[in-house]
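Let's take a walk through this protein, starting with the overall picture and then stopping at a handful of residues. Have the viewer open as you read.

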Amino acid sequence: MQCAKRGTPSGGPIDENPPEVLRAVPDNYSTGFKKQVIEITFDEYIKLEDLQKQLVISPPMKTRPIIKPLGGVSKKMTIEITDTLLENTTYVFNFGQSIVDHTEGNPYPFYKYVFSTGSFIDSLNLKGSVKDALNFEVDDFINVMLYEVDSAYTDSVIYKQTPRYVVNTLDSLTTFTMENLKAGSYRMVALKEPSSNLKFDPKSDKIGFVSEVITVPSEKTYEIQMFEPIQDKAVARATQVAQNRIQIGYYGPLDSMNITPVDKSRIARSRITKMEDKDTLEYWYQPVLVQDSLVLAINHKAFKDTLTVRIKENMDGDSLTVSKYGQFKLNAPLQLTGNTPIALVDESLMRLMNKDSLATPFTTRLDSLRNVLTYEFDVRPEERYELQLLPGALTDFLGYSHDTIVNTYTTSATSDLGNIPVILEGDDQWPVIVQIVTEKLDVVASKTARNNGEVLFDFLEPNKYYIRIIYDTNDNGRYDPGDWLSNKQPEKVVYFPDLIPLQANWDYITNIRLE
């Protein structure tokens with residue numbers, strides 16, 4: 001006699017096959033299309049995941065079709081077209097990886113439903129790739145678009161109209177193929193946009209484009225460099241945040257801006273500082289009389305504007321607080337900053353002593369816009385410095401000083417640090433900006449080179465680094481992105497050669513041939 005044993009049914013092998021299409025009505029790749037509803041039947045139950053992001057319709061429709069099942073499962077998917085279709089046009093519905101089976105979530109990869117309202121299916125294609133102009137990683141879900149170049153075409157079309165054709169790189173591709181195109185002339189534009197409305201918004205979107213007009217058919221493979229555009233220069237609203245301080249947001253790179261009261265008799269003194277890591281200026285002022293509003297005139301070489309600020313009474317004021325700024329190292333200076341603008345510096349009320357209590361000669365330099373005070377002196381390795389600031393050493397814009405301040409700083413031994421001598425050779429495109437960046441692309445050190453030879457980066461912390469070369473075409477000391485309206489591509493950026501595992505007491509000599 002045998003006893004029965006309890007067990008758990010295995011359920012059989014896991015289904016790893018994606019769903020398959022049994023039929024489509026009308027047939028896929030139909031011509032003379034006039035229907036409003038499309039039905040696609042699968043061999044198993046399916047559901048739709050992330051449809052809003054995955055589905056790309058080309059040409060775009062003004063109103064999105066109604067697609068079911070929504071939030072449920074079915075063996076049949078229906079597409080109800082709610083827009084008026086264009087005549088003699090080939091339409092492509094690319095579902096990406098949104099169609100998955102109900103049980104295991106296996107996707108039907110990149111299913112496309114194609115039809116034409118004319119007598120034939122357009123069959124031409126274009127190939128290309130996208131990359132980031134400045135960074136290693138390329139964004140996902142980039143829309144690559146074609147705008148027809150005809151008698152009505154203008155450069156403003158990307159701000160106002162949807163494109164003729166669009167394809168999306170989805171979440172895994174940096175290459176693309178635009179299919180079912182008709183012959184013609186086009187501009188190719190790529191957008192990474194949070195809104196997915198297929199219209200360029202310079203305040204939120206990344207953009208890339210091919211400079212020349214593309215003629216289809218074409219055998220060329222096109223590369224698109226994605227970049228964040230420079231904002232048009234402008235100011236936002238002004239807000240009073242303290243008794244004598246107004247914050248003014250701005251757009252675009254700040255190179256020069258003058259802020260003055262329209263009625264100069266109402267302000268005794270004023271000063272402008274820039275907030276760290278924010279596109280915000282702070283306007284500090286001392287009023288002559290109590291007032292309920294202040295009108296500021298904004299003058300920049302690119303624009304003029306006025307801002308009105310309602311002045312609040314009994315707001316808290318600011319008093320001077322001094323703090324360390326940045327990180328003091330053998331290759332980075334000792335710096336201080338204040339929470340209010342530093343106006344007067346009295347070096348006679350300062351003492352800088354080394355570990356042997358000997359005075360170290362120094363000079364100071366004040367960056368008024370950044371509100372940063374830099375100490376310049378002979379910095380030595382394995383040293384301890386003590387900086388003393390007696391009351392009155394620093395006085396701020398409002399006339400406040402501080403109590404006695406004592407800060408200590410130490411430097412590392414050179415044997416605890418490494419060096420990267422970079423030997424440049426080959427190119428005649430100068431200047432170039434040579435940068436040492438971390439794996440996260442944070443800039444550790446940066447120098448400009450104007451000819452072949454050695455660029456030395458010394459006293460670096462042991463870490464893994466890349467070398468980044470920026471071809472500084474306009475010689476302004478920084479990377480510049482492109483500009484759509486002037487048809488300018490971003491400045492060329494190259495990384496060399498591999499990740500550098502810099503160790504303590506190492507010299508990692510790197511020869512780079514520029515091209």
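What follows goes from the whole chain down to single loop residues.

First, some ground rules: this is a predicted model, so local features need pLDDT of at least 70 and side-chain atom pairs count only at pLDDT 80 or more, while totals for chains, interfaces and linings use all residues. Residues are numbered from 1 along each chain as its sequence is written, and side-chain values use heavy atoms, with hydrogens and water left out.

Now the big view. The protein has 39 strands and 2 helices; these are DSSP runs numbered from the N terminus, with helices being H or I of at least four residues and strands E of at least two. Its radius of gyration is 31 Å, well over the 24 Å that the globule rule gives for 515 residues, so the protein is more spread out than a compact globule. (That radius is taken over C-alpha atoms, and the rule is 2.2 Å times the number of residues to the power 0.38.) Along the principal axes, the C-alpha atoms fill a box of roughly 90 × 75 × 70 Å.

How much of the protein is buried? Of its 515 residues, 44% count as buried, where buried means under 20% relative accessible area, exposed means over 50%, and partly exposed is in between (1.4 Å probe, protein chains only). Take the contacts between residues at least 6 apart in sequence: 65% of them join residues at least 24 apart, with contact meaning heavy atoms within 4.5 Å. On the outside, the protein exposes about 27600 Å², and carbon and sulfur atoms supply 47% of that; the areas come from the Shrake-Rupley method with a 1.4 Å probe, and for residues only the protein chains shown count as cover.

Time to zoom in on Thr-89, in the loop between strand S5 (74-80) and strand S6 (90-94). Is Thr-89 buried or exposed? Thr-89 counts as buried because its relative accessibility is 2%. A polar atom of its side chain lies 2.8 Å from the backbone oxygen of Glu-87. Setting aside neighbours within four places in sequence, Thr-89 touches Pro-59, Phe-115, Ser-116, Thr-117, Gly-118 and Arg-164.

Compare that with Lys-233, which sits in the loop between strand S16 (221-226) and strand S17 (234-242). Lys-233 is partly exposed, since its relative accessible area is 30%. Its contacts, again leaving out neighbours within four places in sequence, include Tyr-251, Asp-255, His-300 and Phe-303. From Lys-233 to Pro-497 is 264 residues in sequence and 37 Å in space, C-alpha to C-alpha.

The backbone has some details to look up too. A cis peptide bond joins Val-25 and Pro-26, with omega about -10°, and Pro-26 is in the loop between strand S1 (21-25) and strand S2 (37-48). Another cis peptide bond joins Lys-68 and Pro-69, with omega about 15°; Pro-69 is in the loop between strand S4 (66-68) and S5.

Finally, look at two positive phi values. Leu-198 is not a glycine, yet its phi is near 60°; you'll find Leu-198 in the loop between strand S13 (184-192) and strand S14 (206-209). With a relative accessible area of 12%, Leu-198 is buried. Asn-505, also not a glycine, has a phi of about 65° and lies in the loop between strand S38 (493-502) and strand S39 (510-513). Asn-505 counts as exposed, at 57% relative accessibility.

Key:
Polar contact = N/O pair within 3.5 Å; in protein donor to acceptor, adjacent residues only side chain to side chain.
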